[in-house]
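Please open the structure in a viewer and keep the sequence panel visible. The tour below proceeds by selections, each followed by a description of what is found there.

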Amino acid sequence: MVSRLGFCRATCLSFLAASFLYQEVSAQSTDATCILSSLGWSFNSHKESPCQVASSLIGVCYNTGYNVPSLPEQNHYLGPSIDDSNPCQCNTVVYSLMSACGLCQNRTIASWNEWSANCALVYTSYPEPIPSGTVVPGWAYLDVKSQGTFNAALAQQDANATESTAIPVPTSTSSSTSSTSSETSTTSSAAPTVISTADAALAADDRRNKIGGGIVGGVLGLFGLCALLIWLRRRRKTAQKNQLLPTVSEDSKEALPTIEISSVSYAHQSPSSV
Ligand SMILES: *[C@@H]1O[C@H](CO)[C@@H](O)[C@H](O)[C@H]1NC(C)=O
Ligand SMILES: *[C@@H]1O[C@H](CO)[C@@H](O)[C@H](O)[C@H]1NC(C)=O
């Protein structure tokens, strides 16, 4: 019984961790202020600085979001540590945004090799879904690997390039039905290739959302079952010990493994600077 209970707890915790990982955080957080007006072109159409956009994109990999700190004089942003070398940081889009973020504070930048030194895998695009409400400037998608570094002059030439946003996902059956019918009507008038690409992306995203919902739903169910098991066991043990029937409030407080859950949350770390 004891070992079964131990297993149950471990399972609950790992499923809980998985459900935390699935959360998408779109909040922006940064202490950095752009002071150079010559880098004004690096702001997106929502007047957000590259530091704000970078915070939002990196935050996707962290349960509590991600704060982009301001750079002290003579410093530049280093890339992720080994612990932080996740897809949100190991890509050229975030490197470009963080470089512009450093430059607009009148600071220097790291080379692409420096930035990605701890990354086992690197991406030349942003590999995660863009959080809803975040607008990523087109210049952030320029190639930096061939030059080895972010090139502000080249980026400025692309200042008005098309921005990237989250792909809107239909949330209910009725809305997906209506979007299907509007797609049918636009297909006849507009370029079909563009629409079918967007369609495929939409479908993929929709599928993923359903899987995610399934996982989270299963997690909650499993967790509830485990909590019930633990509670029942505790109740029986306590009842055996002191003959008295414990009150429900005492027992449920004791039984829920709240302390262990809070230890699952991810460390909120700022990028190291030199
Ligand atoms: C930017 O930094 C340089 C030296 O690093 C300094 O001379 C200049 O005044 C700074 N510009 C602003 C706007 O602070
Ligand atoms: C981008 O648009 C702004 C405002 O319309 C304009 O001032 C600027 O010259 C444009 N930049 C480029 C590189 O086309």
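Helices (H or I, at least four residues) and strands (E, at least two) are DSSP runs, numbered from the N terminus. In these terms, Lys47, a residue visited later, is found in the loop between S1 and H2.

**The whole chain**

Begin with the entire chain, bearing in mind that this is a predicted model. Its secondary structure comes to nine helices and two strands. Followed along the sequence, these elements give the pattern α-β-α-β-α-α-α-α-α-α-α. The chain has 274 residues, of which 23% count as buried. Among contacts between residues at least 6 apart in sequence, 80% join residues at least 24 apart.

**Confidence**

Next, colour the chain by pLDDT. The average is 71, and 53% of the residues score at least 70. Select residues 1-25: over this stretch the pLDDT is below 50, and the model has 39 contacts for it beyond near neighbours in sequence. Then select residues 241-270, where pLDDT also stays under 50. For that stretch the model has 34 contacts beyond four places in sequence. Where pLDDT is low, the predicted coordinates should not be read in detail.

**Helix H3**

Now select residues 92-104, which form helix H3. This helix has 13 residues and reaches 18 Å from its first C-alpha to its last, close to the 18 Å expected at 1.5 Å a residue. Is H3 enclosed or open to the outside? Of its 13 residues, 13 are buried, so H3 is largely enclosed by the rest of the structure. Just after H3, select Asn106, which takes a positive phi of about 65°.

**The nonpolar core**

Keep H3 displayed and add Ala54, Leu57, Val93, Val94, Leu97 and Cys101. In the largest nonpolar core, which has 36 residues, these six touch the most other members. H2, H3 and helix H4 (112-115) are the elements that give two or more residues to this core. H3 gives the most, with nine residues.

Centre the view on Cys101. Apart from neighbours within four places in sequence, Cys101 is in contact with Ala32, Ser49, Pro50, Cys51, Ala54 and Val68.

**Where H2 meets H3**

Select helix H2 (50-59) together with H3. The two helices pack at an angle of about 145°, with their axes 8 Å apart, and their crossing is left-handed. On the H2 side, Pro50, Cys51, Val53, Ala54, Leu57 and Ile58 take part; on the H3 side they meet Val93, Val94, Leu97, Met98, Ala100, Cys101 and Cys104.

**The loop before H2**

Move back along the sequence to His46, which is placed in the loop between strand S1 (29-30) and helix H2. His46 has 11 other C-beta atoms within 10 Å, and a residue with 12 or fewer is exposed, so His46 is exposed. Add Thr134 to the selection: His46 and Thr134 are 88 residues apart in sequence, yet 9.0 Å apart in space, C-alpha to C-alpha.

Select Lys47, in this loop between S1 and H2. Its phi is near 60°, a positive value in a residue other than glycine. Lys47 counts as exposed because it has 9 C-beta neighbours inside 10 Å.

**The loop before H3**

Finish with Gln74, in the loop between strand S2 (67-68) and helix H3. Although Gln74 is not a glycine, it has a positive phi of about 65°. Is Gln74 buried or exposed? With 9 C-beta neighbours inside 10 Å, Gln74 counts as exposed.

How values were computed
Residues numbered from 1 in each chain as written. Chains lettered and ligands numbered in written order. Predicted model: local features only at pLDDT ≥ 70, side-chain atom pairs only at ≥ 80, totals over all residues. Buried ≥ 20, exposed ≤ 12 C-beta atoms within 10 Å, placed from the backbone. pLDDT = per-residue confidence, 0-100. Contact = placed C-beta atoms within 7 Å. Expected span 1.5 Å × (residues − 1). Core = buried A, V, L, I, M, F, W, Y, C linked by C-beta atoms within 7 Å. Axes fitted to C-alpha atoms, helices over the stretch in contact; angles between N-to-C directions. Left-handed = near helix turned anticlockwise from the far one by under 90°.
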